[in-house]
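Subject: Structure for you to look at

Hello,

Here is the structure we talked about, with the sequence alongside. Please open both, then read the notes underneath with the model on screen.

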Amino acid sequence: MTLAKVLLIEDNPVDTVLIKGLLSKVQGAHFHLETTERLSTGLEMIERGGFDVILSDLTLPDSQGLATFMRVFDAAGDIPVVVLTGMDDLSLAAKAVEEGAQAYLVKGKIDGPQLARALRYAIQRTAAEQAEWHSPMFQLAQQQFLKAAQIMGLDDNLRERLLFPQRTLAVTFPFRRDDYLEVETVFGYRVQHLLTMGPTKGGIRYHEEVNLGEVSALAMWMTWKCALMRLPFGGAKGGVRIDPTVLTGHELQRLTRRYTTEILDMIGPDKDIPAPDMGTNERVMSWLMDTYSQQVGYTVPTVVTGKPVVLGGSQGRKEATGRGLVYLIEAAAEHIELNLKGGTAVVQGFGNVGSNAARFLEELGVKVIAVSDVSGAIYNPRGLSVSSLRSYAEENRVLDGYPDGEPISNEEMLELPCDILAPAALQNQITEHNAERIHCKILAEGANGPTTLEADEILQDRGVFVLPDVVANAGGVTVSYFEWVQGTQNYTWTLDEINSRLHSILVDAFRRTVDRASRHNLDVRTAALIEGIQRVAHAKLARGLFP
Ligand code: NAD
């Protein structure tokens, strides 16, 4: 769970100690508190920045009443403000709320969960109001698209049509944790970027920073990816803004079932087919399928992919993204004449994509010298044992404390000299701030959107071969397509069939991409995007305009 940074402006030391004590005892929430007794220093601290929420008394030595709130509020800009008040100042506090405070809390009447909830909701509401479309990731997806559109001379009308998703659904729904009495309001999304190519397809992400912009970026990338792989889908994506790593199995199931109910009208086996993404897995897909099936009254396995084999899932789907990534690393290595045997790899993220990629790299004879997850990174220049890391992560949920390696930071890990660097966690990891210090030969983007446009240019100048996300992590959606086809036909394929079809689709897309890149003197990402966009443009023109 992310740490929320709170600025407390309160002149009464007893109240300050009380609030500190209350926040330190709240279960399942982490707050870092900085305090000041005066408005003037409070304003200076706001100016310096870094706070997620401000909690302010109205009566301070250097300012009293509504004027205190107004000055804090004006200085705060986008940071939410919660007011602290005494019983005798309630009308003043209500006025502050009218003027823009997120909430007020009455001193002497608050308990820890109430305080935490007010702060958390203030942050969430502000994020919902401000950040929905203003996501760096959506901006990146749009910039990449616009760059490709410009280079390929895409028709202006099509450019406008494809810049935003066709359908978006934002929902809020109630959620109760096992041992909490309160009912939380949770934000969820489903976005369909393009309905032209067939049903839409895309994973569901559970992460505490998900917003509409992020889900829209991911949906747009799905469109290009499916088109590049020549799969009969448009792009979609879903998300729930919550930290799944702190949820119990019961909580995860309740959350999934309610979210599914909220998006039920939008999904369906011929409409929009979800799959796993960050923070979700086979188990979540089973609940999603079960909830959908309960609602329509019969079992519909083809409403999701990435479900367990026993429920109609496909052989090889679970590891498909990691396996596909390694098939493509092999193709890229051949392309740049790099011998992988005895080479070195660094993998960021040790979830579905990262841990499987590490495993298949090791099988190829590549030495995995560092891996990381949310708890930090482990480095061993002699090579790590991937199977032992996988068992450790399974047992302990995170890699922290793994004995056979040196703990280093995620930032240090990205800068280790190696042959292959595979970011397989979050977006926005390789930026203009570290691109100069990335020392790999192939950057294999398991994650979606790990590299910014500025970093792309730096890497290209430095001769790093970038295997872009729309190609590199397409193994997942490709085997999802196989799963959907098998489900539709009520027929199953063997793992060998799956892997050989996967290999030929990925390698074919890779070859078309690098051919285009060399024919038109393009970077590989732009070439891949143009391959996808061109197919979509042809389909759109072929379908004509309604009405
Ligand atoms: P996952 O939830 O299984 O694993 C995510 C991993 O990232 C975890 O090990 C987590 O600890 C780690 N992580 C989180 N924050 C981190 C941080 N700040 N620094 C380092 N590591 C951190 O997710 P996944 O399914 O493996 O997805 C990872 C990426 O791959 C995402 O960008 C996702 O969109 C992309 N992707 C996934 C699939 C798929 O089939 N699952 C397909 C295509 C693309």
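Thr168 has Val191 of strand 7 as its bridge partner. That pair belongs to the join between strand 6 and strand 7 (residues 184–192), where the strands run antiparallel and 9 bridges are found. Please keep in mind that this is a predicted model.

Strands 6 and 7 are part of an open sheet of 5 strands, in the order 6-7-9-8-10, and the pairing is mixed. At the edges are strand 6 (167–175) and strand 10 (272–276), each of which pairs on one side only. From one strand to the next, the twist averages 20°. Helix 8 (residues 212–228) packs on this sheet and touches strand 6, strand 7, strand 8 (200–207) and strand 9 (234–241). The direction of helix 8 makes about 155° with that of strand 9. In the loop between helix 8 and strand 9 you will find Arg230. Its phi is near 60°, which is a positive value in a residue other than glycine.

There is another sheet to look at. It is open, has 5 strands in the order 2-1-3-4-5, and its pairing is parallel. Which strands are at its edges? They are strand 2 (30–36) and strand 5 (103–106), and each pairs on one side only. Here the twist averages 25° from one strand to the next. Strand 1 (residues 3–9) and strand 3 (residues 53–57) run parallel and are joined by 4 bridges. Leu8 stands opposite Leu55 in strand 3.

Two helices go with this sheet. Helix 1 (residues 13–24) packs on the sheet, touching strand 1, strand 2, strand 3 and strand 4 (81–85), and its direction makes about 170° with that of strand 2. Helix 4 (residues 90–99) lies across strand 4 and strand 5, and runs at about 160° to strand 5.

Next, a pair of helices. Two packed helices are described by the angle between their axes and the distance between the axes. For helix 6 (residues 136–152) and helix 19 (residues 524–543), the angle is about 75° and the axes are 9 Å apart. Angles of 65 to 115 degrees count as roughly perpendicular, so helix 6 is roughly perpendicular to helix 19. On the helix 6 side, the contact is made by Gln144, Phe145, Lys147, Ala148, Ile151 and Met152. Helix 19 brings Arg525, Thr526, Leu529, Ile530, Ile533 and Gln534. The residues of this contact divide into 7 nonpolar, 3 polar and 2 charged.

Helix 19 also comes up in the second largest pocket, where it gives the most to the lining, with 3 residues. Helix 7 (156–163) and helix 19 are the elements that give two or more residues to that lining. The pocket holds about 400 Å³ of space. Among the residues lining it are Leu158, Arg161, Lys540, Leu541 and Arg543. How does the lining divide into nonpolar, polar and charged residues, and what are the counts? There are 5 nonpolar, 3 polar and 3 charged.

One last point concerns Phe546, which also lines the second largest pocket. The peptide bond from Phe546 to Pro547 is cis, with omega near -5°. Pro547 is found in the segment after helix 19.

Regards

Note on methods:
Residues are numbered from 1 along each chain as its sequence is written. This is a predicted model: local features need pLDDT of at least 70, side-chain atom pairs count only at pLDDT 80 or more; totals for chains, interfaces and linings use all residues. Side-chain values use heavy atoms; hydrogens and water are left out. Axes are lines fitted to C-alpha atoms, for helices over the stretch in contact, and angles run from 0 to 180 degrees between N-to-C directions. Angles under 35 degrees count as roughly parallel, over 145 as roughly antiparallel, 65 to 115 as roughly perpendicular and the rest as oblique. Contact means heavy atoms within 4.5 Å. Ala, Val, Leu, Ile, Met, Phe, Trp, Tyr, Cys and Pro count as nonpolar, Asp, Glu, Lys and Arg as charged, and the others, Gly among them, as polar. Two strands pair if DSSP finds at least two bridges between them. On a 1 Å grid over the protein atoms alone, a cavity is a set of points where a 1.4 Å probe fits but cannot get out, and a pocket is an open set with protein on both sides within 12 Å along at least five of seven lines; lining residues have an atom within 4 Å of a point. Grid points are joined across faces, edges and corners, and a volume is the space filled by probe spheres set on the points.
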